[in-house]
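Hi everyone, thanks for coming. I'd like to walk you through a structure that is probably new to most of you, so let's put it up on the screen.

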Protein chains: 2
Amino acid sequence: MELESTSPEKAGYFARVWKLSKGLLEKLKAKVVELTLKTIKLAKDDPRRVVHSLKVGLALNLVSLLYYLRPLYDNFGVSAMGAVMTVVVVLEYSVGATLGKGLNRGFATLLGGALSVGAHHLACLSGERGEPIMLGFFIFLQAAASTFIRFFPKIKARYDYALLIFILTFSLISVSGFRDDEIIELARKRLSTILIGGSVCVIVSILICPVWAGQDLHNLIASNMAKLGNFLEGFGNEYFKTSKEGESEAEKSFLQQYTSVLASKSNEESLANFAKWEPGHGRFQFRHPWNQYLKIGTLTRQCAYRIDALNGYLNTEIQHTSSELSCKIEEVYREMSLECGKALKELALAVKTMSQPSSATNTHIENAKSAAKNLNYLLKSSVWEDTDFLAVVPVAAVASLLIDVVDFTENIADSVYELTSKANFKRIDVAHSPEKPQIRQPDNTKSPAMVDCPHVCITVNEPTPALSGNGNPSVTKAMGDLEL
Amino acid sequence: MELESTSPEKAGYFARVWKLSKGLLEKLKAKVVELTLKTIKLAKDDPRRVVHSLKVGLALNLVSLLYYLRPLYDNFGVSAMGAVMTVVVVLEYSVGATLGKGLNRGFATLLGGALSVGAHHLACLSGERGEPIMLGFFIFLQAAASTFIRFFPKIKARYDYALLIFILTFSLISVSGFRDDEIIELARKRLSTILIGGSVCVIVSILICPVWAGQDLHNLIASNMAKLGNFLEGFGNEYFKTSKEGESEAEKSFLQQYTSVLASKSNEESLANFAKWEPGHGRFQFRHPWNQYLKIGTLTRQCAYRIDALNGYLNTEIQHTSSELSCKIEEVYREMSLECGKALKELALAVKTMSQPSSATNTHIENAKSAAKNLNYLLKSSVWEDTDFLAVVPVAAVASLLIDVVDFTENIADSVYELTSKANFKRIDVAHSPEKPQIRQPDNTKSPAMVDCPHVCITVNEPTPALSGNGNPSVTKAMGDLEL
């Protein structure tokens, strides 16, 4: 009876287990698929990640040879482990980071080893009883002092790892010395295995598909400028489109690229930090002006803050409250953002190709500035008299932001010019632009390069042609005030 | 003769050397003084740095006892060095960072050790010739895979160190196993010394003046809000002061405090990351809603971007171009920034003291919102008819920014309320404010708490009293549009 009653129960139980495990299996399958897709994406986004992973495996195998090969093992013994450890912690993604960590580790071990040998001799003088007390005192002193030094911001940025290794080496060798009197031999072995491990790292890092932090910083700065340029080129269309027009998702994400610029500060700083450790490579000299890249990056980011504010006005419907008003300012807004966008993209291209910015850059900036001046005339003119002031507030805010953007574009151009002269970028179109810092031309003359520049085909119908291009000083002054 | 001729030469030489070395000595002295002052400032700014340095020294001495004391040494031998190494790398500034690193290191060693023992046994099966090849293959495989996994952003944020130690342990033990067959003993010793070192770190970190990352994050978020509050409270006076008025440096730096908020993102994120490792402490539970702090931090930072833009208008003279205009909007601007500033400071105080925000917070926000509405009326009114539009642009930009700031203040208040309910902050003034999310009161009723709130003593003469306080729906709609 009992058997009969349990049989269907059992069957039901198994069915449930089967269902449950099938469900779990399907979930697991979905997870695995998701993970695989993520992994493939991670690898595709930057294939150098895969190469780096293989490099770590290779370097570890190279130092393991110290252990596998009898003659090498006889020389180093167990302390060959120091080489394996060094490879694991020193081999970083970029050459600069690897060199920085390797040099930090090497010098800190040298210094820590030397001082600990000294400390050991001093401690020996105080007899068997006093030795551990003296050793403890020395270790306490150097650990506390070195740890405190790590709080200095400048030292933390470049030598934090060195101080860590200094504390480590000093403590290890001093403490070991208490039981083992061959302390110099110990320090020598530790230093030489670290040198071997570090050399393997540096060789693998430089010889096999090297990742240069400097090159990455260079590309990052250029692409950040290009992203802002893309937004500004698209801003006019986006701002003045009637709300009925559809918009593809791709277009939207294209405009939103700039958001990555807002948070790129720490990335830029660490890349610059690594780049300073790198030797000359490709077209970068040893003392390439990396700090100038940080300067351009900071200006680009400040410009991106303004662009973020502009983006806020894209998502409101306010621009359509007064279509008459929109018409009047549409052209001048379009020109300002378009010309700034083009200038930024020219500058990005110049940095990317390591050449002097083309003369078109200058023309675009001049166009943007003269559009800002037109905005000025427009604001002074009488078109506003019957306008509802409330509708004007966001429009005026956009005007103010665009004027800021023009200003920042000019500043970015200036610091790109500074970079090109510091880093001796090659010039391309010398014929069209004989003067070196092209950016500082007189305000009201059209640059001659404008005529044969293919980028200036978008001629904007200036709203108040009678006023444009004259040099009324009071207007120029007010314009100066407007550059907030 | 030669002696005679060299004598004055020699004297001159010595005089020069003396002068030079005196100069150098003075320079050195100045450097030493400067460095000392810097050190004292670093220690004074946060005395916990000194305590942390001493803690590192103490912890190192504690683990050295393993070496000094004969019975302990007999048990561990040379591998006691693992404990020293663990202390140096694991003992971090905050409890959370120490616990995070310690747990990462412990689990990674356990896993790496277990897998390497397995790999060793597998490799042994393939004979003496095949063993190093198999070992090399395993090491290559795990190093490459683990290194690639480190590129996943989420894993990098929390488990980067664990993967590093996993690679390290696996490689060390597998390679050692080639020469030393007591591989399990090796793995056991390594694990137990790491456990000892880690325990010393955790004990020292928690028992001696603990630095809780969670507490730091809590204070950082509160002080960031207070900094914005300070700026906004001072903004009105600063914006409308005539250029003749002097300004003390102290006042200026007080206003500029907000700039540190702009770049606090990475700091907040790492503190939250550490805080998640921390056990309950003081009035923080184990699962305190740390992510909510990040949310408040993000809103605060976005508000700080607007404040940075507002700050740009402080340094221009534009506000004085039309004093008539200034007069008209002065009061409403003053009220908006002052009330927002007070609300932010109330919120900061509430977070700081872990209590519900006082009812005054709500009143301040309502006041700021009604001031924004007054601005709205003002913009719609006829006061602008004869105004030079050019002078209005920056004023309108400030209006738009201030409206944004009011909006952000409300959002910050909302997420602070969310935090207080998630974290069960205590209530203080229940009598005055029976409803829980006080922020959502109807727009046009004055809160009863306003009467007995000491903070609302600054009554602003509303420029168009006939209009204020009525609930014209079309105006309310336009106001909604203005909250950009």
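I'll go from the overall picture to a pocket and then to two serines.

First, please keep in mind that this is a predicted model. Its scores are ipTM 0.79 and pTM 0.79. For chain A, the mean pLDDT is 79, with 79% of the residues at 70 or more. Where in chain A is confidence highest, and where is it lowest? The top spot goes to helix α5, residues 95-125, at 92, while helix α17, residues 473-482, sits at the bottom with a mean of 30. Around there, residues 429-484 of chain A have a pLDDT below 50, although the model still gives this stretch 94 contacts beyond near neighbours in sequence. Where pLDDT is low, we shouldn't read the predicted coordinates in detail.

Now, what is chain A made of? It has 17 helices and zero strands. Of its 484 residues, 52% count as buried. Take the contacts in chain A with a separation of 6 or more: 81% of them come from residues 24 or more positions apart.

Next, the second largest pocket. It holds about 1200 Å³ of space. Which elements give two or more residues to its lining? From chain A we have α3, α4, α7 and α8, and from chain B α4, α7 and α8. There are 40 lining residues, and those nearest the centre are Val78(A), Met81(A), Val78(B), Ser79(B) and Met81(B). By type, the lining splits into 19 nonpolar, nine polar and twelve charged residues.

On to our first serine, Ser53(A), which you'll find in helix α2, residues 48-68 of chain A. Is Ser53(A) buried or exposed? Its relative accessible area is 3%, and anything under 20% counts as buried, so Ser53(A) is buried. Which residues does Ser53(A) touch, apart from neighbours within four places in sequence? Those contacts are Ala144(B), Thr147(B), Phe148(B) and Phe151(B), which belong to chain B. For a sense of distance, the C-alpha atoms of Ser53(A) and Ile194(A) are 21 Å apart, with their positions 141 residues apart along the chain.

The second serine is Ser192(B), in helix α8 of chain B, residues 183-207. Ser192(B) is also under the 20% cut-off, with a relative accessible area of 18%, so this residue counts as buried too. Its side chain reaches the backbone oxygen of Lys189(B) at 3.1 Å.

That's my tour, so thank you for listening!

Conventions: Residues numbered from 1 in each chain as written. Chains lettered and ligands numbered in written order. Predicted model: local features only at pLDDT ≥ 70, side-chain atom pairs only at ≥ 80, totals over all residues. Heavy atoms only, no water. Helix = DSSP H or I, 4+ residues; strand = E, 2+ residues; numbered from the N terminus. Buried < 20%, exposed > 50% of the residue type's maximum accessible area, 1.4 Å probe, protein only. Polar contact = N/O pair within 3.5 Å; in protein donor to acceptor, adjacent residues only side chain to side chain. 1 Å grid on protein atoms, 1.4 Å probe; cavity = no way out; pocket = protein on both sides within 12 Å on 5 of 7 lines; lining within 4 Å. Points joined across faces, edges and corners; volume = space filled by probe spheres on them. Nonpolar A, V, L, I, M, F, W, Y, C, P; charged D, E, K, R; others polar. pLDDT = per-residue confidence, 0-100. Contact = heavy atoms within 4.5 Å.
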